[in-house]
Amino acid sequence: MSVGAERKLLGRWGEDMVARELRRQGCAIVAAGWQCRLGEIDLIATDRKYLRFVEVKLRKNAALYQAREAVDARKQAKLRAAAQMYLAWNPTRLQPRFDVAEVYAPQGMETRSPKINYIEDAFQ
C-alpha cells in the first residue's frame with residue numbers, strides 16, 4: 001500500500017472514531033467526507049442547536065505540535081468556503097459551527113483507545 005493510501009485510510013479511521021463519539025453524545029452524522037469544488041469537510045453533524053462542521057486531525061502524538069495547529073488561517077478559509085457551499089445546497093435553521101477534533105493514536109489504527117480532544121467553536 002502506498003504512503004498516500006495508508007494516510008487516507010488512517011484519516012478515515014480517525015474520522016470514524018470521532019463520528020462514533022459524536023453519536024455517543026447524541027449527535028447525528030449528516031455527512032462524512034463531504035466534497036465540493038471548494039474543499040472537503042471531514043464530518044457534518046447535528047445536535048438540537050448546531051450544524052457542526054468538524055475538521056478531524058489525527059496524529060500519533062503531540063510531541064512536535066498539537067493537531068489543531070494544522071487548522072491554520074488558510075485551512076479555516078477553505079472550510080468556511082466549503083461550508084457556505086454546503087449551506088447553499090442544504091439550508092437549515094440550525095446555527096453553523098466549526099469544530100476541530102484532535103485524534104491521538106500512537107499505534108495508528110492498532111490503537112485500542114485513541115485520545116480524542118474535541119474543540120467546540122474552534123474558529124469563526
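Here are four short exercises, with worked solutions, on the predicted model shown above.

**Exercise 1: The parts list**

Find out how many helices and strands the protein chain has, and in which order they come.

*Solution.* Start by counting: the secondary structure comes to 2 helices and 5 strands. Next, walk along the chain from the N terminus, and you meet the elements as α-β-β-β-α-β-β.

**Exercise 2: The sheet**

Work out the order of the strands in the sheet, and name the edge strands.

*Solution.* Step one is to read across the sheet: its 5 strands lie in the order β1-β2-β3-β4-β5, the sheet is open, and the pairing is mixed. Step two is to look for strands that pair on one side only; these are β1 (28-36) and β5 (115-123), the edge strands. From one strand to the next, the twist averages 30 degrees.

Now zoom in on one pair. Strands β3 and β4 (residues 95-104) run parallel and are joined by 10 bridges. If you look for the bridge partner of R52, you will find R97 in β4. As a reminder, strands of a sheet pair through backbone hydrogen bonds, either parallel or antiparallel.

**Exercise 3: Helices on the sheet**

Describe how each helix is placed against the strands.

*Solution.* Take α1 to begin with: this helix lies across β1, β2, β3, β4 and β5, and runs at about 135 degrees to β3. Then turn to α2 (residues 73-89), which packs on the sheet and touches β1, β2, β3, β4 and β5. The direction of α2 makes about 110 degrees with that of β1.

Does the overall size fit a compact globule or not? With 124 residues, such a globule would have a radius of gyration near 14 Å, and the chain has 14 Å, so the two agree. Along its principal axes, the C-alpha trace spans about 40 × 30 × 25 Å.

**Exercise 4: The largest pocket**

Characterise the largest pocket by its volume and its lining.

*Solution.* First, the volume is about 750 Å³. Second, 21 residues line this pocket, and R7, K8, L10, G11 and L58 lie nearest its centre. Third, ask where the lining comes from: α1 (3-24), β2 (39-46) and β3 (50-59) each give two or more residues, and α1 provides the largest share, 8 residues. Finally, sort the lining by type, which gives 5 nonpolar, 3 polar and 13 charged residues.

Terms used
Residues are numbered from 1 along each chain as its sequence is written. This is a predicted model: local features need pLDDT of at least 70, side-chain atom pairs count only at pLDDT 80 or more; totals for chains, interfaces and linings use all residues. Side-chain values use heavy atoms; hydrogens and water are left out. On a 1 Å grid over the protein atoms alone, a cavity is a set of points where a 1.4 Å probe fits but cannot get out, and a pocket is an open set with protein on both sides within 12 Å along at least five of seven lines; lining residues have an atom within 4 Å of a point. Grid points are joined across faces, edges and corners, and a volume is the space filled by probe spheres set on the points. Helices (H or I, at least four residues) and strands (E, at least two) are DSSP runs, numbered from the N terminus. Ala, Val, Leu, Ile, Met, Phe, Trp, Tyr, Cys and Pro count as nonpolar, Asp, Glu, Lys and Arg as charged, and the others, Gly among them, as polar. Two strands pair if DSSP finds at least two bridges between them. Axes are lines fitted to C-alpha atoms, for helices over the stretch in contact, and angles run from 0 to 180 degrees between N-to-C directions. Contact means heavy atoms within 4.5 Å. The radius of gyration is taken over C-alpha atoms; the globule rule is 2.2 Å times the number of residues to the power 0.38.
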